[in-house]
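Got your viewer open? Let's take a walk through this model together, one selection at a time.

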Amino acid sequence: MDVFLLIGQSNMAGRGFLAEAIDVDRSRLFTFRNCRWQKLFRPINPDRSFSGVSLAERFAELYSKEHDVEVGLICCADGGTQISQWQPGKPLYENAVFQAKLAMQSATLRGILWHQGESDCSPDQIALYEDKLKHMIETLRHDLGMPDIPFI
């Protein structure tokens, strides 16, 4: 199974209305929950009571069809978070690395999907964003032992 780590804030976690979502073929899609792979269900990243659909479902469906493989999603996004909360040593970062390493025991990590930034829009935070993002990417690749893993 090819798997992807999903990190970031609400746009990655999913806020799209479930009733209005495009139906995807989930027959070969899985999510990593409670240290095991489960068939994908909605919402895939229930970080809030109002969680909804994200870009991840459609991405996984298209990737599965293109590569003729099962796809797993490691959902670690958390709405409303800032990039400073995703830095090495912080709980969100450490949880994402922990979950990815557990999932990698039974599947192949193919990439990391990141969608975040809205919480870092103030002028003083914008100036620091690029350096923090680069540091996070470099450290994630190191901590996962995958120096060339795609970071999208």
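Start by selecting Cys 75. This model is predicted, and in it Cys 75 counts as buried, at 18% relative accessibility. Now add Cys 76, which is buried as well, with a relative accessible area of 7%. You might wonder how far the sulfur of Cys 76 is from the closest cysteine sulfur. The distance is 7.4 Å, to the sulfur in Cys 75, and that is too far for a bond. A disulfide is a covalent bond between the sulfur atoms of two cysteines. To count as one here, the two sulfur atoms have to be within 2.5 Å. So Cys 75 is in no disulfide, with the sulfur of Cys 76 being the nearest at 7.4 Å. Search the whole structure and you'll come up with zero disulfides.

Next, pick out Arg 48 and Asp 78 and show their side chains. They meet in a salt bridge, with 2.7 Å from N to O. Trace the chain between them and you'll see that the pair links distant parts of it, 30 residues apart. Arg 48 sits in the loop between strand S3 (36-39) and helix H2 (55-67), while Asp 78 is in the loop between strand S4 (71-75) and helix H3 (91-103). Arg 48 is partly exposed, at a relative accessible area of 32%. Keep these two on screen and add Arg 15 and Asp 47: the four residues are linked in a network of salt bridges. In total, the count comes to ten salt bridges.

Hop over to helix H2 and select Glu 61 and Lys 65. Their closest N and O atoms are 3.5 Å apart, and the two form a salt bridge. How many residues apart are they in helix H2? Four, so about one helical turn separates Glu 61 from Lys 65. An α-helix has 3.6 residues a turn, so residues three or four places apart point the same way. Try coloring this pair by accessibility: Glu 61 counts as buried at 5%, whereas Lys 65 is exposed, with a relative accessible area of 55%.

Now for helix H4, residues 123-143. Select all 21 residues and put a distance line from the first C-alpha to the last: you should get 31 Å, close to the 30 Å expected at 1.5 Å a residue. Look along the helix for Tyr 129, where H4 bends by about 40 degrees.

Still in H4, show Glu 130 and Lys 134. Here's another salt bridge, 3.0 Å from N to O, again between residues four places apart, about one turn of the helix. Glu 130 is partly exposed, at 48%, and Lys 134 also counts as partly exposed, at 44% relative accessibility.

Which residues of H4 are buried? Highlight Tyr 129, Leu 133, Met 136, Ile 137, Thr 139 and Leu 140. Then turn on the elements that cover them, including strand S1 (2-8), H3 and strand S5 (108-115).

Zoom in on Thr 139, buried with a relative accessible area of 15%. Leaving out residues up to four places away in sequence, Thr 139 touches Pro 88 and Tyr 93. For one more distance, click the C-alpha atoms of Thr 139 and Ile 149: the residues are ten apart along the chain, and those atoms are separated by 12 Å.

Last stop: Gly 145, which follows H4. Check its backbone angles and you'll find a positive phi, near 70 degrees.

Key:
Residues numbered from 1 in each chain as written. Predicted model: local features only at pLDDT ≥ 70, side-chain atom pairs only at ≥ 80, totals over all residues. Heavy atoms only, no water. Helix = DSSP H or I, 4+ residues; strand = E, 2+ residues; numbered from the N terminus. Buried < 20%, exposed > 50% of the residue type's maximum accessible area, 1.4 Å probe, protein only. Expected span 1.5 Å × (residues − 1). Bend = angle between axes of the 7 residues up to and from the residue. Contact = heavy atoms within 4.5 Å.
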